[in-house]
Amino acid sequence: MTDTPAKKTSLTVLGLGAMGTALARTWLAAGHSLTVWNRTPSRAAALGEEGAAVAGSASDAVAANRLVVACLLDGASIDDALDGVDLAGKDLVNLTTSTPAEARARAAWARERGARYLDGGIMAVPPMIGVPEAGGYVFYSGSRELFEQHRETLGVPAGTAYVGEDPAFAALHDVALLSAMYGMFAGISHAFALIRDEDIDPVAFAPLLADWLVAMAPAVHQTAEHLSTGDYTRDVVSRLGMQVAGIPTFLSTAEEQKVSPELIAPFFGLMRRRLAEGSGDESLTGVVDLLRR
């Protein structure tokens with residue numbers, strides 16, 4: 001006697017850009033019955049050859065399955081694609097990049113049309129989709145019931161991280177992490193600019209920079225602890241007062257190297273403001289409070 005394989009969930013994917021195509025191909029490869037639609041039909045042709053059913057309209061694509069995944073360009077694209085489409089009884093998972101406010105509005109929009117809703121924030125680029133060892137994952141927020149029902153299917157292309165009933169939380173987590181990434185990129189850019197005109201090999205410098213950033217990464221845990229307890233002086237090694245005292249050295253070095261300080265000067269300005277308002281024994285956590293004003 002042999003076990004009968006569990007039936008794979010059938011689903012629809014709306015939008016076949018690079019990310020949508022990567023998602024669709026991964027579900028197909030895993031044995032899911034898939035219906036796809038794209039505003040430009042030619043983009044669906046290859047997936048049709050690979051076994052997907054190609055719908056002639058977004059309405060037909062939505063009608064084909066209860067689980068509908070949208071991975072379109074923006075909110076306007078969703079409005080256009082689903083204008084007049086019957087969503088009653090559907091499970092809509094929106095992986096289109098959005099803001100938290102847009103996610104809340106989209107959730108209300110879906111509920112008014114009789115659909116359950118999940119918003120998603122993809123923490124991956126297309127080549128990471130379907131490659132577990134790449135470490136990509138998707139934040140989900142909104143209907144917990146919907147998430148739990150489709151957790152296995154949603155976990156096929158990438159890992160899943162459910163972050164709450166508030167539909168805005170996936171987008172907020174997504175943008176918060178990416179904002180930190182861009183802050184890191186700003187620091188990396190400034191560091192390479194400082195050495196750019198010197199006899200310093202950037203390739204040799206890179207591992208030093210990468211290792212230093214890794215060594216500094218645990219600071220996020222101290223910041224979180226300080227925000228949680230309200231005590232910004234606990235276990236501080238590099239005091240705010242000491243760090244502010246060092247700012248002139250960084251600015252003078254940039255001037256000497258003929259490098260614009262525009263990437264680091266705003267943060268230094270916040271550090272100085274916090275010192276003027278708070279305590280020199282604090283960490284840098286107080287900058288968070290300044291940004292919230």
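## Exercises on a predicted model

E50 and R25 form a salt bridge, and their closest N and O atoms are 2.9 Å apart. The model is predicted. Work through the exercises with the structure open.

### Exercise 1: E50 and R25

Task: find where E50 and R25 sit, and decide whether each is buried, partly exposed or exposed.

Solution.
- Step 1. Check the bond. A salt bridge needs a side-chain nitrogen of Lys or Arg within 4 Å of a carboxyl oxygen of Asp or Glu. The N and O atoms of R25 and E50 are 2.9 Å apart.
- Step 2. Place the residues. E50 is in the loop between α2 (42–49) and β3 (53–54). R25 is in helix α1 (residues 18–29). The two are 25 residues apart, and the pair links distant parts of the chain.
- Step 3. Apply the cut-offs. Buried means under 20% relative accessible area, exposed means over 50%, and partly exposed lies in between. E50 has 40% relative accessibility, so E50 is partly exposed. R25 has 36%, so R25 is partly exposed too.

### Exercise 2: Two more salt bridges

Task: which residue does D281 pair with, and which does E282 pair with? Classify each residue by its accessible area.

Solution.
- Step 1. Take D281. Its side chain meets that of R239 in a salt bridge, at 2.8 Å from N to O.
- Step 2. Place that pair. D281 lies in the loop between α12 and α13 (286–291), and R239 in the loop between α9 (219–229) and α10 (240–245). The pair therefore ties together parts that are 42 residues apart in sequence.
- Step 3. Classify that pair. D281 is partly exposed, with a relative accessible area of 42%. R239 is partly exposed, with 35%.
- Step 4. Take E282. It forms a salt bridge with R274, and the closest N and O atoms are 2.9 Å apart.
- Step 5. Classify this pair. E282 has 8% relative accessibility, so E282 is buried. R274 has 12%, so R274 is buried.
- Step 6. Look at the whole model. The count comes to 13 salt bridges. Salt bridges also link R66, D91, R116 and E145 in a network.

### Exercise 3: The helix pair α11 and α12

Task: how do α11 and α12 run relative to each other, and which residues meet?

Solution.
- Step 1. Read the geometry. Helix α11 covers residues 247–256 and helix α12 covers residues 265–277. Their axes come within 11 Å and cross at roughly 160°.
- Step 2. Name the arrangement. Angles over 145 degrees count as roughly antiparallel. So α11 is roughly antiparallel to α12.
- Step 3. Give the handedness. The crossing of α11 past α12 is left-handed.
- Step 4. List the contacts. From α11 come I247, P248, F250 and L251. They meet F268, M271 and R272 of α12.
- Step 5. Sort by class. The contact has six nonpolar residues, no polar ones and one charged.

### Exercise 4: S143 and E165

Task: where do S143 and E165 lie, and what does each touch?

Solution.
- Step 1. Place them. S143 is in the loop between β7 (137–142) and α6 (144–154). E165 is in the loop between β8 (159–162) and α7 (169–195).
- Step 2. Classify them. S143 has 18% relative accessibility, so S143 is buried. E165 has 49%, so E165 is partly exposed.
- Step 3. List contacts, leaving out residues up to four places away in sequence. S143 touches R116, Y117, L118, Y162 and E165. E165 touches G142, S143 and R144.
- Step 4. Compare sequence with space. E165 and D119 are 46 residues apart in sequence, and their C-alpha atoms are 10.0 Å apart.

Methods:
Residues are numbered from 1 along each chain as its sequence is written. This is a predicted model: local features need pLDDT of at least 70, side-chain atom pairs count only at pLDDT 80 or more; totals for chains, interfaces and linings use all residues. Side-chain values use heavy atoms; hydrogens and water are left out. Axes are lines fitted to C-alpha atoms, for helices over the stretch in contact, and angles run from 0 to 180 degrees between N-to-C directions. Helices (H or I, at least four residues) and strands (E, at least two) are DSSP runs, numbered from the N terminus. Angles under 35 degrees count as roughly parallel, over 145 as roughly antiparallel, 65 to 115 as roughly perpendicular and the rest as oblique. A crossing is left-handed if the near helix is turned anticlockwise from the far one by less than a right angle, and right-handed if clockwise. Contact means heavy atoms within 4.5 Å. Ala, Val, Leu, Ile, Met, Phe, Trp, Tyr, Cys and Pro count as nonpolar, Asp, Glu, Lys and Arg as charged, and the others, Gly among them, as polar. Buried means under 20% relative accessible area, exposed over 50%, partly exposed in between (1.4 Å probe, protein chains only).
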